[in-house]
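Me: I would like to learn how to read the overall layout and the pockets of a model such as this one. Could you take me through it feature by feature?

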Amino acid sequence: MGWIGESVDSIKSLQIRQVLTQAVSLGMIVTSALIIWKALMCITGSESPVVVVLSGSMEPGFKRGDILFLHMSKDPIRAGEIVVFNVDGREIPIVHRVIKVHEREDTGEVDVLTKGDNNYGDDRLLYAHGQLWLQRHHIMGRAVGFLPYVGWVTIIMTEKPIIKYILIGALGLLVITSKD
């Protein structure tokens, strides 16, 4: 019975090592993704260097599901640029074009008015109650490039959470059942 007991202990020990190895590997993947994201934030100067277009308000230039790459420099914001901005009281950032820039002579601060290319009017109805202009602190970044349709993965997982849970479950099963 000693040999069988040693074999069982050896197998248990091996399984524990595999589980620990997989947990460490998963931790390294998550940590690497966070490091890459933080590095992109430092390089681009934007709090969110990548965003997904969630509506058709910028068609035909950008379609729903396109991924935009952002950069935020100290250069003045100009009419015609496409910016991503946050509005107080809204959780999701908005991608629209700057249509007017108003510089205050007394302070040098710049006020910005935006509009979706596919929208009839400007964005003042989207801004916080009583707000007529965006200030620089509202703007997360300027669009400097895009990948068409790649963001649909994010949209599908947000709109159909069951798909997200199935995907997470399948990945979990893959990790549990994989051999080194």
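Me: How far apart do the C-alpha centres of domain 1 and domain 2 lie?

Reply: Domain bounds come from an automatic or database domain assignment, which here gives domain 1 (1–44) and domain 2 (50–153); their C-alpha centres lie 42 Å apart. This is a predicted model, in which local features need pLDDT of at least 70 and side-chain atom pairs count only at pLDDT 80 or more, while totals for chains, interfaces and linings use all residues. Residues are numbered from 1 along each chain as its sequence is written, and side-chain values use heavy atoms, with hydrogens and water left out.

Me: What does the C-alpha trace of the protein span along its principal axes?

Reply: The trace spans about 90 × 35 × 30 Å. The radius of gyration, taken over C-alpha atoms, is compared with a globule rule of 2.2 Å times the number of residues to the power 0.38; the protein has 24 Å, whereas a compact globule of 180 residues would have a value near 16 Å.

Me: What share of the residues counts as buried?

Reply: Buried means under 20% relative accessible area, with a 1.4 Å probe and protein chains only, and 25% of the 180 residues meet that criterion.

Me: How many helices and strands are there?

Reply: Helices (H or I, at least four residues) and strands (E, at least two) are DSSP runs, numbered from the N terminus; the protein has three helices and six strands, in the order α-β-β-β-β-β-β-α-α from the N terminus on.

Notes
Buried means under 20% relative accessible area, exposed over 50%, partly exposed in between (1.4 Å probe, protein chains only).
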